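These notebook entries record what I looked up in one structure. I took pockets, cysteines, salt bridges and single residues in turn.

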Amino acid sequence: MLVGTYAAADRPGIALFSMDEGSGALEKSAEFAGVANPSFVAVHPSLIHAYAVSETGLESDGARGAVHAFRIERAHGRFDLVAVNQRSTGGDHPCHLAIDGTGCWLAASNYGSGDVAVFPIEPDGRVGEVVAMARHSGSGPRADRQAGPHAHSAIFSADGRFMLVADLGIDRVVVYAHDPSGGSLARHGDVAASPGAGPRHMVFLPSGDHLMVVNELDSSVSLYEYERREGSLHELQTLSTVPGGVTENTAADLRLSPSGSHAYVSNRGHNSVAVFAFDATHGLRRTAVRSCGGAWPRGLGVAPDGRHLVVANRHSGDISVLPVLADGADIGEPVAQAPVGQPSSITFL
């Protein structure tokens, strides 16, 4: 797995770990420097390439954000990352990357400036020149966090016809028509979250008929019905990610089990992971809230076989491996931990 962190450019910012599928034991095999704040890392679905943001801003760091491309090489049983190229995201503090199902397009969400840049991925894995920008405007009721737009993530629909953007600052999931041949975007519609909810990360459920959204500011998860032909959303449910009475918390990442029957959400402040079960008949229900094994959990990673959940605990500076129990409906105490800077995202190769 690749672990993205917050680190200065001259310090190791991306770590490569291997995990024993049986025991969950971790081994750090490599570290890579050269990128400032590579807080989010994504892996190409078919090419041997990875992509990382540089979460910087013009006012705070003197430079706009960027996306970096790497080639993943393997020799003598070990992996290495080789820098390929980089492009400016045209905005501030990019915090999320998404690659469409064809592996041809990459979307970078600029949290600071409230916009999303779309790039072509060249046949050799390089990031091409930006071809489209989705720019938002507006605000939300939380003056401390929602004075302006904050695009927090973007994902492509399975057919590539739409791109959805979760904007924490304006409490909306915005839908764009996406041209799979040229990459252009046209605003298509949107759906409003509860005022002050702060939509952050999203996943489509395997059927393609439902979308889950984790809302950072009010610590909730919303389930939407997604009409694939029209590219429209209709809210069905919203559930809390924390037990009653918990007030000091912000929800962060959202990941699915391999089957899509369960979802996992990280809770910063409560320092926990919430588990949700889903089926088309009954919708969502929360089945457990368990310790994350550290402090301030951000990114989550679900092992390909679904037997372990890996948590990036930023404030305690470690990643924790939690066993998945009860066919996905629960998680146990950590079976392994490893120190790593200020971890923020986890992506399995």
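**Entry 1: second largest pocket**

How much space lies in the second largest pocket? I noted first that the model is a predicted one. For the second largest pocket I read a volume of about 350 Å³. I then looked up its lining and found 14 residues, with Met 1, Phe 17, Ser 18, Met 19 and Phe 79 nearest the centre. Two strands, β2 (14-19) and β7 (78-88), each supply at least two residues of this lining. The largest share, four residues, comes from β2. Sorted by class, I recorded eight nonpolar, three polar and three charged residues in the lining of the second largest pocket.

**Entry 2: largest pocket**

I turned next to the largest pocket, which holds about 1,200 Å³ of space. Its lining consists of 36 residues, and those closest to the centre are Val 43, Ile 99, Ile 155, Val 203 and Arg 255. I listed the elements that give two or more residues to this lining: β4 (41-43), β8 (94-99), β12 (151-156), β16 (199-204), β20 (250-256), β24 (297-302) and β29 (343-347). By class, the lining of the largest pocket has 24 nonpolar, nine polar and three charged residues.

**Entry 3: cysteines**

I searched for disulfides and found zero in the structure. I also looked up the accessibility of two cysteines. Cys 95 has a relative accessibility of 8%, so I entered it as buried. Cys 104 stands at 36%, and I therefore entered it as partly exposed.

**Entry 4: Gly 299**

I placed Gly 299 in strand β24, an element that I had already listed for the lining of the largest pocket. Is Gly 299 buried or exposed? Its relative accessible area is 3%, so I recorded Gly 299 as buried. Leaving aside residues up to four places away in sequence, I found that Gly 299 touches Asp 253, Val 310, Val 311, Ala 312, Ser 344, Ser 345 and Ile 346. I also checked Gly 299 against Asn 267, which is 32 residues away along the chain, and the C-alpha atoms are separated by 10 Å.

**Entry 5: salt bridges**

Side chains of opposite charge can pair when their charged atoms come close. I counted 18 salt bridges in the structure and examined several of them.

The side chains of Arg 64 and Asp 92 meet in a salt bridge, with 3.0 Å from N to O. Why does the pair tie together parts that are 28 residues apart in sequence? Arg 64 lies in the loop between α1 (58-61) and β6 (66-75), whereas Asp 92 lies in the loop between β7 and β8, so the pair ties those parts together. I noted Arg 64 as partly exposed, at 37% relative accessible area, and Asp 92 as buried, at 15% relative accessibility.

I next took Arg 87 and Glu 129, which form a salt bridge with the closest N and O atoms 2.9 Å apart. This pair links distant parts of the chain, 42 residues apart: Arg 87 is in strand β7, and Glu 129 is in the loop between β10 (115-120) and β11 (132-135). Arg 87 is partly exposed, at 24% relative accessibility, while Glu 129 is exposed, with a relative accessible area of 53%.

A further salt bridge joins Arg 142 to Asp 144, and here the closest N and O atoms are 2.9 Å apart. I recorded Arg 142 as partly exposed, at 31% relative accessibility. Asp 144 has a relative accessible area of 56% and so counts as exposed.

Which residues are linked in a network of salt bridges? I found such a network formed by Arg 145, Arg 200, Glu 216 and Arg 268.

**Entry 6: Arg 74**

I closed with Arg 74, which is found in strand β6. Its relative accessible area is 60%, and exposed means over 50%, so Arg 74 is exposed. Between the C-alpha atoms of Arg 74 and Gly 182, which are 108 residues apart along the chain, I read a separation of 33 Å.

Key
Residues numbered from 1 in each chain as written. Predicted model: local features only at pLDDT ≥ 70, side-chain atom pairs only at ≥ 80, totals over all residues. Heavy atoms only, no water. 1 Å grid on protein atoms, 1.4 Å probe; cavity = no way out; pocket = protein on both sides within 12 Å on 5 of 7 lines; lining within 4 Å. Points joined across faces, edges and corners; volume = space filled by probe spheres on them. Nonpolar A, V, L, I, M, F, W, Y, C, P; charged D, E, K, R; others polar. Disulfide = S-S within 2.5 Å. Buried < 20%, exposed > 50% of the residue type's maximum accessible area, 1.4 Å probe, protein only. Contact = heavy atoms within 4.5 Å. Salt bridge = Lys/Arg side-chain N within 4 Å of Asp/Glu carboxyl O.
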